[in-house]
Amino acid sequence: MNYRQFLSSCDALYQMEDCAKTSTKQCQACFNSEFYSNNAQNAYGCYAGCLYYTMHYGLSYISEIYYLIESVSTYDINFFNGTNITSLGGGFGTDYLAIKKYAIDNRMPFNIRYSVYDISPKWENIISLYNAENSVCFSTCDVSQQFIDLSLQQIVFINKLVSTLKASHCLMSFLTNLTRMLQTLPPGSILIFNDVNHCEKGRDDFLQHMADRHPEMQLLGKYFFPIADAYTGDYTPINNTNIVFDISYLNLSCEIMNTVRKTFFAIYRKAV
């Protein structure tokens, strides 16, 4: 299934789905309200909301990771062939879809074992729309509390998770749990952090935790998209900002975000 079919399938389900909270679907307003409240994780407990999130933000977030892969080619990271990849709080698998699209676009082999852990079981239903080959393994899991053994993983993604956990007052619990999990990560493995480029949304908490608690995790680079008034820090810019998909004549029930967002990446490699 290509991305047009995938999003069209999401839209068909979205149109049939009632809002779990109100008589009319106001998904964007709901996400904004939940994100800036103490219950940010609640936004992903609504199936209509998850479908909306996939359609509205999905191509933008996939594109961000696509451009990151392009930008870190000098680090010799094997994203594509025989690699075990885990996504913590990974939603519907934007990292998997980015890696797959990059491999297809560049005529590269694509043979990965991918697992996603997320607190909302709603994402599994959305993943099933593109997972006909059963190449994605989904597990319902509260990553702020539950231990995940990373001993077989070569790449671990933390995508758009920390900002949500900070808004829900769960970030410190997650970072403590992450320390336990990273102890099992094999030497040479990669950790990729991806979230809002803002000091109050968990970016600096994560960077400080890694610097203080994980000297074995070597920081390879920090990246950002230089859009609007994005914070630059000592970060390397990723100058591509348009999405990597053609959305012409793709009419959905909601607007499709056609650029990347103010996103920050940090890439680590565990010392050998």
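Thr54 is buried in this predicted model, with a relative accessible area of 1%. Under 20% is the cut-off for that class, so Thr54 qualifies at 1%. Thr54 belongs to helix 3. Setting aside residues up to four places away in sequence, Thr54 touches Phe6, Leu7, Cys10, Leu59, Phe92, Trp123 and Ile126. A further pair involving Thr54 can be given by C-alpha separation: Ser120, 66 residues apart from Thr54 along the chain, has its C-alpha atom 14 Å from that of Thr54.

One of the partners of Thr54 is Cys10, a residue of helix 1. The C-alpha atoms of Thr54 and Cys10 are separated by 7.8 Å, while the two residues lie 44 residues apart along the chain. Cys10 is also buried, and its relative accessible area is 0%. When neighbours within four places in sequence are left aside, the contacts of Cys10 are Leu51, Thr54, Met55, Ile126 and Leu129. Ile126 thus appears among the contacts of Cys10 and among those of Thr54.

From Thr54 the description can follow helix 3, which spans residues 47–71, to helix 4, which spans residues 94–105. The axes of helix 3 and helix 4 come within 8 Å and cross at roughly 60°. This angle makes helix 3 oblique to helix 4. The crossing in which helix 3 passes helix 4 is right-handed. On the side of helix 3, the residues that meet helix 4 are Gly58, Tyr61, Ile62, Ile65, Tyr66, Ile69 and Glu70. Their counterparts in helix 4 are Thr94, Asp95, Leu97, Ala98, Ile99, Lys101, Tyr102 and Asp105. Sorted by class, this contact of helix 3 with helix 4 comprises 9 nonpolar, 2 polar and 4 charged residues. As background to such patterns, an α-helix has 3.6 residues a turn, so residues three or four places apart point the same way.

Helix 4 itself has 12 residues and reaches 16 Å from its first C-alpha to its last, close to the 16 Å expected at 1.5 Å a residue. Of the 12 residues of helix 4, 9 are buried, so helix 4 is largely enclosed by the rest of the structure. The buried residues are Thr94, Asp95, Tyr96, Leu97, Ala98, Ile99, Lys101, Tyr102 and Ala103. Their cover includes two helices named above, helix 1 (3–16) and helix 3 (47–71). It also includes strand 1 (81–88), strand 2 (111–118), strand 3 (136–140) and strand 4 (155–159).

Just after helix 4 comes Arg107, with a positive phi of about 50°. Arg107 takes this value although it is not a glycine. Most residues other than glycine have a negative phi. Arg107 sits in the loop between helix 4 and strand 2, and its relative accessibility of 81% means that it counts as exposed. Ala228 likewise has a positive phi of about 50° without being a glycine. The loop that holds Ala228 lies between strand 6 (217–224) and strand 7 (236–237). Ala228 is exposed, at a relative accessible area of 78%.

A second helix pair is formed by helix 7 (residues 171–182) and helix 8 (residues 203–213), whose axes come within 11 Å and cross at roughly 40°. Helix 7 is therefore oblique to helix 8. Helix 7 passes helix 8 in a right-handed crossing. In helix 7, the residues that meet helix 8 are Leu171, Leu175, Leu178, Thr179 and Leu182. In helix 8, they meet Asp205, Phe206, His209, Met210 and Arg213. By class, the contact of helix 7 with helix 8 contains 6 nonpolar, 2 polar and 2 charged residues.

Helix 7 has 12 residues and spans 16 Å from its first C-alpha to its last, close to the 16 Å expected at 1.5 Å a residue. Its buried residues are Leu171, Phe174, Leu175, Asn177, Leu178, Thr179, Met181 and Leu182. The elements that cover these buried residues of helix 7 include strand 1, strand 4, helix 6 (162–167), strand 5 (190–196), helix 8 and strand 8 (263–270). Strand 1 and strand 4 are thus included in the cover of helix 7 and in that of helix 4.

Conventions. Residues numbered from 1 in each chain as written. Predicted model: local features only at pLDDT ≥ 70, side-chain atom pairs only at ≥ 80, totals over all residues. Heavy atoms only, no water. Axes fitted to C-alpha atoms, helices over the stretch in contact; angles between N-to-C directions. Helix = DSSP H or I, 4+ residues; strand = E, 2+ residues; numbered from the N terminus. Parallel < 35°, antiparallel > 145°, perpendicular 65-115°, else oblique. Left-handed = near helix turned anticlockwise from the far one by under 90°. Contact = heavy atoms within 4.5 Å. Nonpolar A, V, L, I, M, F, W, Y, C, P; charged D, E, K, R; others polar. Expected span 1.5 Å × (residues − 1). Buried < 20%, exposed > 50% of the residue type's maximum accessible area, 1.4 Å probe, protein only.
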